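User: I've got a two-chain model open and want to talk through how it's put together. Can you take my questions one by one?

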Amino acid sequence: MSPSSSSSGRTTAVTVTHCTVVGASDPLAAAELARACGATLEWVAELAASGILDAPAARPVQEWRFGSTELQRALEARRLQRDFDVNLDAAALILDLQQELRRLRAALALRG
Amino acid sequence: MEFKDYYSALGVEPKAGEDEIRKAYRRLARKYHPDVSQEADAEARMREVNEAWDVLGNKEKRAAYDALAERVKSGAGAASGGPGGFQPPPGWDAGFEFHRGPDGGPADHADFSEFFSSLFGAAERREAARRNFRARGEDHHAAIEVPLEFALSGGEREIQLRAMELDSQGQPEWVTRTLRVNIPRGVRPGQYIRLAGQGLPGHGGEPAGDLYLEVRIAPHPLYRVDGRDLLMTLPVTPSEAALGAEVEVPLPGGGTGAVRVPPNARPGLKLRLKERGLGGHLYLVLELALPPADSDAARAAYEQLAQATAGFDPRRQLQAGARAS
């Protein structure tokens with residue numbers, strides 16, 4: 001193990017025994033999703049209202065649970081807001097188009 | 001360490017106004033968007049552009065950077081060790097205060113350059129420590145690319161993360177952390193692995209944030225990942241496809257397996273091998289490979305096939321289509 005640059009620095013090694021895959025068995029609560037995106041619970045609620053996140057609108061925000069797909073969409077939405085100041089409805093459309101583009105590209109790749 | 005010219009990274013003049021800089025940034029953010037760009041180094045270019053924007057798009061950082069650039073140009077201040085030997089002079093940012101914007105903090109800057117971190121890393125840390133006397137550390141994001149075989153088996157993987165942290169005297173220092181992560185078997189691209197407490201340190205005794213690793217799977221010469229499934233092209237000869245055959249195929253994760261191609265199989269037919277994917281199945285997509293007619297015997301065999309199947313017209317659809325139009 002060595003520092004990857006010429007400048008001086010400290011190195012530490014950590015063995016992580018506990019890690020989870022974000023998904024059905026270890027989902028993120030709305031507050032955790034917000035934190036992972038550097039955002040607030042209200043922002044997560046806005047994402048759900050705009051259809052970017054799939055969440056049971058009738059249930060309280062505290063009960064919402066999210067997987068990796070939602071985390072990816074939320075991070076992407078945040079990037080779109082930050083980079084282009086898009087409103088969430090436009091972000092929702094961009095994300096859907098992006099998903100479709102990726103699906104089609106993958107299908108195309110499979111056809112050689 | 002090189003002195004970075006953020007203005008040329010965005011393709012603007014040093015006297016450019018805020019609007020012009022924002023427009024240049026947005027244009028480049030579109031150009032190097034991973035879904036749009038055809039350029040191989042789009043991701044690296046996007047990082048540079050993001051970094052330049054982080055500084056030039058923020059009044060305080062831009063003013064400090066401009067002042068430093070002026071000192072560097074006049075040869076005063078920067079302790080230079082020849083080309084690429086840039087070191088920011090001590091106290092270079094005295095009198096400047098950096099306020100975190102609403103959308104960007106230390107966790108967003110983890111993949112910025114050493115140049116950026118040496119200028120702004122420490123200031124950001126101090127700012128965060130001051131603003132949030134007691135606050136949980138920020139969550140941190142990184143990507144991890146693993147070979148397909150590794151995703152199938154799971155196991156331990158080392159990743160190195162480098163960050164600017166403050167030591168006990170409040171002085172900035174580089175810390176390289178090596179994490180040994182136990183990757184669960186069957187991870188798929190686009191999934192996130194969460195490592196609790198491995199994000200940025202907390203303030204005032206509060207816990208550290210979490211680290212999220214986005215899983216990427218390195219391209220494989222044989223298999224392609226489609227969600228939970230894997231796909232592989234399986235070339236067969238016309239006789240194997242027509243008559244049916246048992247063929248040997250390599251299995252992801254090692255070993256081989258015997259697969260039965262049914263009689264009258266068509267190209268594009270998918271044969272499923274159960275539970276040989278990433279929580280899904282392995283599909284073999286049939287493709288016809290024609291034996292070359294490069295010997296008298298092969299030519300004779302093709303002629304015999306043509307005579308035996310004289311009633312077969314592969315272009316019947318074309319004629320029907322032409323009549324219909």
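Analyst: Sure. One cut-off before we start: two residues are in contact if their C-beta atoms, placed from the backbone, lie within 7 Å. Keep in mind too that this is a predicted model.

User: Which residues does Phe112(B) touch, not counting residues up to four places away in sequence?

Analyst: Phe112(B) sits in the loop between α4 (59-73) and α5 (114-131) of chain B. Leaving out residues up to four places away in sequence, the ones it touches are Glu51(B) and Ser117(B).

User: Is Phe112(B) buried or exposed?

Analyst: The cut-off here is 20 or more other C-beta atoms within 10 Å for a buried residue. Phe112(B) has 22 C-beta neighbours inside 10 Å, so it counts as buried.

User: How far apart in space are Phe112(B) and Ala52(B), C-alpha to C-alpha?

Analyst: Ala52(B) is one of the buried residues of α3(B), along with others including Trp53(B) and Leu56(B). In sequence, Phe112(B) and Ala52(B) are 60 residues apart. In space, C-alpha to C-alpha, the separation is 9.5 Å.

User: What span is expected for α3 of chain B, and what does the model give?

Analyst: Helix α3 covers residues 42-56 of chain B, which makes 15 residues. At 1.5 Å a residue the expected span is 21 Å, and from first C-alpha to last the helix is close to that, reaching 21 Å.

User: Now the sheet with strands from both chains: what is its strand order?

Analyst: It's an open sheet of 4 strands with mixed pairing. β2 (20-21) of chain A and β1 (140-146) of chain B stand at the edges with a single partner strand each, so one side of each has no neighbour in the sheet. The order is β2(A)-β4(B)-β5(B)-β1(B).

User: Which residue of β4(B) is the bridge partner of Val21(A)?

Analyst: β2(A) and β4 (residues 192-195) of chain B run antiparallel and are joined by 2 bridges. One of the pairs puts Thr20(A) opposite Arg194(B). For Val21(A), the partner is Ile193(B).

User: And across the chains, which element gives the largest share of the side of chain A that touches chain B?

Analyst: In total, 35 residues of chain A are in contact with 36 residues of chain B. Elements giving two or more residues to chain A's side are β1 (9-16), β2, α1 (30-36), α3 (68-84) and α4 (88-110). The largest share, 8 residues, comes from β1(A).

User: How do the residues on that side divide into nonpolar, polar and charged?

Analyst: We're still on the side of chain A that touches chain B. Its residues come to 15 nonpolar, 16 polar and 4 charged.

User: Which strand gives the most to the largest nonpolar core?

Analyst: That core has 51 residues, and those with the most contacts inside it are Leu33(A), Val44(A), Leu53(A) and Leu71(A). Domain 2 (137-219) and domain 3 (223-290) of chain B each supply at least three residues. The biggest contribution, 5 residues, is from strand β7 (residues 229-236) of chain B.

User: Which residue of chain B does Leu71(A) touch?

Analyst: Skip residues up to four places away in sequence, and Leu71(A) touches Val22(A), Leu28(A), Leu33(A), Ala36(A) and Phe66(A) in its own chain. From chain B, the residue is Tyr192(B).

User: Last one: how far apart are the C-alpha centres of domain 2 and domain 4 of chain B?

Analyst: Chain B is divided into four domains, with domain 2 at 137-219 and domain 4 at 298-325. Their C-alpha centres lie apart by 60 Å.

Technical notes: Residues numbered from 1 in each chain as written. Chains lettered and ligands numbered in written order. Predicted model: local features only at pLDDT ≥ 70, side-chain atom pairs only at ≥ 80, totals over all residues. Pairing = 2+ DSSP bridges. Nonpolar A, V, L, I, M, F, W, Y, C, P; charged D, E, K, R; others polar. Expected span 1.5 Å × (residues − 1). Buried ≥ 20, exposed ≤ 12 C-beta atoms within 10 Å, placed from the backbone. Domains from an automatic or database assignment. Core = buried A, V, L, I, M, F, W, Y, C linked by C-beta atoms within 7 Å.
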